[in-house]
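Please open the model in your viewer, with side chains available as sticks, and follow the stops below in order.

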Amino acid sequence: MSAAPVVESPFETVCVIGLGYIGLPTAAFMASKGINVIGVDVNERYVEQINAGQVPFFEPDFESMLAGVVAQGRLRAQTTTPHSDAYIVAVPTPFTDDHDVDIKYIRAAAEGIAPQLQGGELIVLESTSPPGTTERMAQFILDVRPDLTLDEGKSNSVYFAHCPERVLPGRIVVEMAENDRVIGGIGEKAAELARALYATFCNGELLLTTATTAEMAKLTENSFRDVNIAFANELSIICDKLAIDVWELIELANHHPRVNILQPGPGVGGHCIAVDPWFIVSSCPEESRLIRTAREVNDSKPEIVIQKVLEKADRFKAPKIAMLGIAFKPDIDDLRESPSLNIVERIAGELQDASILVAEPNVEELPEKLTRFENLKQMPALEAIEEADIVVLLVDHAPFKQIDRSLLAEKIVIDTKGVWR
Ligand code: SAJ
C-alpha cells in the first residue's frame, strides 16, 4: 500500500463522522491515499477497536487495509468532532413508525461540526436521505453559525454536497474503488470540491449534479431493486397457489434476451432496500403507488413463510425445527432489518413447545432478540438438521448450498431460497 496520494487531495485532513459499514471503509480508502483521516463515532468500543486496527464488523478483505492505515498513523478514531478541512457524514438515517425519515443523527453530526468551522470547509453528506436533506443539514449549521455563508469564494464560505454511498455489503473493498459516484453540490464549487476529494480514491466516473437530484438518485436505485425483487416475490406467491416451481419458472423466463427476473426469498432486509423506497413514498405519497406496493409485497413475505412453518409444525406435538440463517442476505453477518431473524423470533415465540435450532455460520453469538427464548439454541447446521423434524432454509449462505441432500431425505423441508431443488 502506498502512502503517497495517487491524485492530489485538495484537503490535508478529512473527518469522517459515523464509522459503520460505509464510513469506516471510506475513511480507510482515503487514508490509504495519504490523506490524514480522523474518524468520529459515538461508540467507544468501535473507536478502541479501530485504533487497534480491528474491523468491528465482518467485511471480506477489509481487515488488512484498516490495520495498514492505522499502523501508518493515517487514520485514527475518536468520539469528538475535531476541526478538519473536509467532513464526510455517514451516519444512519432510520425511519420513524410512520415511515418518515428520522434525521436525528444527521442533526447531531451537524451540531458537532458547526463550532469547528473556520470558512472554506467542505461538508459531504453520504447518508441515504430524502430529497432536501443536504439543504436541511446546511441550514442547521448556518442557524448556529450565521457568520458563515453558502455564497461561493468568500473567506467565510462553507460548501455542502451529497454523495450517496452505493457499495454492496460483502463487496465493499472492490466497489468502494470501482463504482461510479453521483455527486450533488449545493452550488457548483461544492460539487467540484467534492469531486476532487472522491477522485483521490474512486476510479469510477464521478458524475456531478445538484444535491437534491443526487439524493433522489440513490433512492431511485434502491427502489428499482426493491420493485424488481417484489416482482419475483409476487411470482413466488402466485406459483405456490398454482403448484408451479417458481425457481424453474424464473430460470426459463430469464432465457428471453430481454428478461432478467431477480430471486424470490423470505423478504427483503438490510438497512437500505427495505428502507429507502419509503423516503420516496413519504415525499410524494399520492404519486408513489408502484413503489409503495412493492414495499408491501416484500414486507408480506416473512408472514407467508411463518404461516408455512406453523402449518407444518402443527403435525407434531413438540417439533424440532432447524432454522438455517438469520442474516439479511448470504455470506455476511449483518442482521439489520433481517426478515430471517424476524421469522425465527416469531416462530420461537409462537411455538413454546417446539425446539428451535438456529444455525448461522457468520454470527458467533445470537442477538438478545433470540437468546431470550428458552426453547431456542444455536448449533452448527449439520447437527441442527440431524436433530430436526422440519428444516427451514432462510438464507442461501455458501455452506448451506453444500449440504448433502441425502441428509434432508426424511425431513420436512421449507426452502425459501430454492437452493436444494
Ligand atoms: N434479495 C432478494 N432477491 C434478490 C436480490 C436480493 O430477495 O434477487 C434480498 C436480499 O436477500 C436482501 C435484500 O434483498 O434481503 C437486499 O439485498 P441486496 O443485495 O439487493 O442489497 P443491499 O441492501 O445489500 O445493498 C443495496 C445495493 N443497492 C442496489 O443494488 C441498487 C447497494 O449497491 C447499496 O449501496 C446498498 O443497498 C445501500 O447501502 O443503499
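Begin by selecting K218, which is buried in this predicted model, its relative accessible area being 4%. Its side chain meets that of E165 in a salt bridge, with 3.3 Å from N to O. The two partners come from distant parts of the chain, 53 residues apart, since K218 sits in helix α8 (residues 211-242) while E165 belongs to the loop between β6 (159-162) and α6 (172-178). If you now colour E165 by accessibility, you will find that E165 is buried as well, at a relative accessible area of 9%; both values, 4% for K218 and 9% for E165, fall on the buried side because the cut-off for that word is under 20%.

Keep E165 selected and bring the ligand into view. A polar side-chain atom of E165 lies 2.5 Å from an oxygen atom of the ligand. Taken by itself the ligand has 770 Å² of accessible area, and the protein covers 88% of this. Next, select the 20 residues around the ligand, of which E165, R166, K218, R225 and C272 come nearest. Two backbone contacts deserve a distance label here: a polar backbone atom of Q263 is 2.7 Å from a nitrogen atom of the ligand, and a polar backbone atom of F328 is 2.7 Å from an oxygen atom of the ligand.

With the shell still selected, colour it by residue class. Which classes does the shell around the ligand divide into? You should find nine nonpolar, four polar and seven charged residues. Colouring by domain instead will show that domain 1 (13-220) and domain 2 (253-415) each supply at least three residues to this shell.

The next stops are salt bridges away from the ones already labelled. A search of the whole structure finds 18 of them, and a few are worth selecting in turn. Go to R171 and E175, whose closest N and O atoms are 3.1 Å apart in a salt bridge. Are the two partners buried or exposed to some degree? R171 counts as partly exposed at 41% relative accessibility, whereas E175 is buried, with a relative accessible area of 12%.

Then select K308 together with D240, which form a salt bridge with the closest N and O atoms 3.0 Å apart. This pair also links distant parts of the chain, 68 residues apart, with K308 in helix α11 (residues 289-313) and D240 in helix α8. Here K308 counts as partly exposed at 33% relative accessibility, and D240 likewise counts as partly exposed, at 45%. Before leaving the salt bridges, select D226, R295 and D299, which are linked in a network of such bridges.

Finish with the backbone. Most residues other than glycine have a negative phi. Against that background, select D61, which has a positive phi of about 65° although it is not a glycine. D61 lies in the loop between α2 (44-51) and α3 (63-71), and D61 is exposed, with a relative accessible area of 65%. The last selection is D331, another residue other than glycine with a positive phi, in this case near 60°. You will find D331 in the loop between β9 (320-324) and α12 (339-350), where D331 counts as partly exposed at 34% relative accessibility.

Terms used. Residues are numbered from 1 along each chain as its sequence is written. This is a predicted model: local features need pLDDT of at least 70, side-chain atom pairs count only at pLDDT 80 or more; totals for chains, interfaces and linings use all residues. Side-chain values use heavy atoms; hydrogens and water are left out. A residue is near a molecule or strand if one of its heavy atoms lies within 4 Å of it. A polar contact is a pair of N or O atoms within 3.5 Å; within protein, one must be able to donate a hydrogen and the other to accept it, and residues adjacent in sequence count only if both atoms are side-chain atoms. Accessible areas come from the Shrake-Rupley method with a 1.4 Å probe; for residues, only the protein chains shown count as cover. Ala, Val, Leu, Ile, Met, Phe, Trp, Tyr, Cys and Pro count as nonpolar, Asp, Glu, Lys and Arg as charged, and the others, Gly among them, as polar. Domain bounds come from an automatic or database domain assignment. A salt bridge is a side-chain nitrogen of Lys or Arg within 4 Å of a carboxyl oxygen of Asp or Glu. Helices (H or I, at least four residues) and strands (E, at least two) are DSSP runs, numbered from the N terminus. Buried means under 20% relative accessible area, exposed over 50%, partly exposed in between (1.4 Å probe, protein chains only).
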